[in-house]
Protein chains: 2
Amino acid sequence: MKDNPAGQTRIQRHKIATITDAALDVFSTHGFRGSTVDQIAKAAELSKPNLLYYFPSKEAIHTHLLDNLLDIWVDPLRQLDPEGDPLEEILTYVRRKLAMSRDMPRESRLFANEVLQGAQHIGDSLSNFLKPLVDEKAAVIQLWMDQGALKPSDPRHLIFSIWSLTQHYADFDVQVRAVLGPEVEDPFPEAEDYLITLFSRQLKV
Amino acid sequence: MKDNPAGQTRIQRHKIATITDAALDVFSTHGFRGSTVDQIAKAAELSKPNLLYYFPSKEAIHTHLLDNLLDIWVDPLRQLDPEGDPLEEILTYVRRKLAMSRDMPRESRLFANEVLQGAQHIGDSLSNFLKPLVDEKAAVIQLWMDQGALKPSDPRHLIFSIWSLTQHYADFDVQVRAVLGPEVEDPFPEAEDYLITLFSRQLKV
DNA sequence: GAACATTTTGACCAATCGGTCAAAGCGAGG
DNA sequence: CCTCGCTTTGACCGATTGGTCAAAATGTTC
């Protein structure tokens with residue numbers, strides 16, 4: 001029963017991971033207020049008091065999820081390399097973000113729920129953490145445009161449009177599938193084709 | 001105290017409109033399960049039993065809102081004119097949708113909340129009502145592309161991208177403002193510039 | 001197997017939820 | 001004035017909510 005550097009036993013880490021995963025299921029589907037501790041406990045196959053032995057409150061679980069998410073979520077943007085080929089860097093960013101919508105739709109919806117309802121839990125992070133990163137990368141893109149490596153357009157709205165378009169396929173999955181109909185089994189390949197074309201025409205000199 | 005054709009007195013219509021507006025405030029901010037009847041009643045300056053005198057239940061208010069919304073929401077798409085100038089028709093559609101995000105952000109968020117959480121209340125409408133309309137308009141756009149009036153790209157994903165990009169400025173308003181910072185008072189003019197450029201480059205032959 | 005810390009649980013609590021109901025308030029017509 | 005139908009309300013209900021607690025179960029260590 002040794003403590004590791006983080007002060008958690010193996011069992012604790014495993015249970016916390018299980019709870020975190022179950023909570024992601026529930027919160028992303030019903031939003032914070034729409035989710036109940038009982039739902040999460042059931043999804044994690046734990047009793048409610050047992051769950052609250054590992055997390056002090058429902059809000060603590062939610063905060064824990066969001067805190068860990070923000071880093072992962074902006075990672076593709078952080079990887080945008082000022083030294084790389086401008087167009088290829090941005091198209092790679094688009095591909096990475098779309099892959100995240102495909103592979104992490106729950107995280108996308110959790111984030112969407114939070115921002116949609118006013119970002120009350122992560123509002124400060126948006127200003128203190130996300131804004132500086134966007135400013136930095138927008139400056140890089142602006143430089144590329146000034147150098148004539150990309151067609152000019154507002155770099156910050158370019159980033160917004162990448163977020164919006166890629167996350168749409170996770171957050172509005174139900175609508176996308178309803179409109180495309182059952183004959184389209186997987187919308188993501190055609191979505192990638194469309195988005196790569198769109199941003200190529202928008203940026204390629 | 002005469003009944004009008006809809007079976008409502010003037011007073012009833014006025015109260016129902018007040019409740020509807022208050023409910024739109026509350027539901028769009030907190031989602032369905034996150035909203036309480038007391039909140040809506042307070043926002044409408046009514047007692048809870050009084051509110052439930054006009055609507056039989058919380059769900060009835062929500063359904064009433066969504067039913068009336070869907071028609072309004074897809075109206076700009078319905079106005080897309082097969083006889084008009086292809087590029088100008090689509091750019092007009094973009095402008096109309098963006099104006100709706102600016103002027104009806106609550107409606108946009110109500111819709112986003114609903115779809116994000118699985119579209120349980122309007123799922124059928126998406127398949128039976130929205131899909132046929134998109135199919136019809138996508139065929140028009142496809143024809144334009146086949147005639148060489150627009151650059152080719154998937155028409156249905158083109159429509160998705162218009163929805164996604166325009167609604168982003170309503171649904172993720174908090175994030176947009178946090179990233180742009182307080183020096184940008186109104187993001188919509190620069191958003192319109194960006195989107196018109198984007199879709200022009202995407203479609204203009 | 002005794003002693004100890006950790007984990008799990010059933011029972012319970014106060015607060016809040018959506019919704020009901022009988023009674024009171026109210027304006028218009030006679 | 002009285003009556004009649006529409007509107008409004010305080011009090012209340014059972015169900016569900018997030019969270020507590022003492023006790024039991026389950027390791028772990030010697």
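Let me start with a term: a residue is near a strand if one of its heavy atoms lies within 4 Å of it. With that in hand, 17 residues surround DNA strand C, and the closest are Lys15(A), Pro49(A), Tyr53(A), Tyr54(A) and Lys58(B). Of the strand C atoms that come within 4 Å of the protein, sugar and phosphate account for 53%.

Some housekeeping, friends. This is a predicted model, in which local features need pLDDT of at least 70 and side-chain atom pairs count only at pLDDT 80 or more, while totals for chains, interfaces and linings use all residues. Residues are numbered from 1 along each chain as its sequence is written, chains are lettered from A and ligands numbered from 1 in the order in which they are written, and side-chain values use heavy atoms, with hydrogens and water left out.

Now, what touches the phosphates of strand C? I count a polar contact as a pair of N or O atoms within 3.5 Å; within protein, one must be able to donate a hydrogen and the other to accept it, and residues adjacent in sequence count only if both atoms are side-chain atoms. An N or O atom in the side chain of Tyr53(A) sits 2.6 Å from a phosphate oxygen of DNA strand C. For Tyr54(A), a polar side-chain atom is 2.7 Å from a phosphate oxygen of that strand. Chain B joins in through the backbone: an N or O atom of Val37(B) lies 3.0 Å from a phosphate oxygen of DNA strand C. H3(A) gives the largest share of the surface near this strand, four residues.

A word on helices: they are DSSP runs of H or I with at least four residues, strands are E runs of at least two, and both are numbered from the N terminus.

Over to DNA strand D. Which residues come nearest? Of the 18 around it, they are Lys58(A), Lys15(B), Pro49(B), Tyr53(B) and Tyr54(B). Here sugar and phosphate make up 57% of the strand's atoms within 4 Å of the protein. Tyr53(B) has a side-chain N or O atom 2.7 Å from a phosphate oxygen of DNA strand D, and for Ser47(B) the side-chain distance is 3.1 Å. From chain A, a polar backbone atom of Ser35(A) is 3.2 Å from a phosphate oxygen of DNA strand D. The elements giving two or more residues to the surface near strand D are helix H3 (48–54) of chain A, together with helix H1 (10–30) and helix H3 (48–54) of chain B. The largest share, four residues, comes from H3(B).

Stepping back to chain A as a whole, we have ten helices and zero strands. Its C-alpha atoms fill a box of roughly 60 × 45 × 30 Å along the principal axes. Of its 205 residues, 54% are buried, where buried means under 20% relative accessible area, exposed over 50% and partly exposed in between, using a 1.4 Å probe and protein chains only.

Last, two backbone angles for you to check. Most residues other than glycine have a negative phi. Glu45(A), though, has a phi near 55°, in the loop between helix H2 (37–43) and H3 of chain A. Ala119(B) also has a positive phi, about 55°, and lies in the loop between helix H6 (105–116) and helix H7 (123–146) of chain B. Are they buried or exposed? Glu45(A) is exposed, at 73% relative accessible area, whereas Ala119(B) is buried, at 3%.
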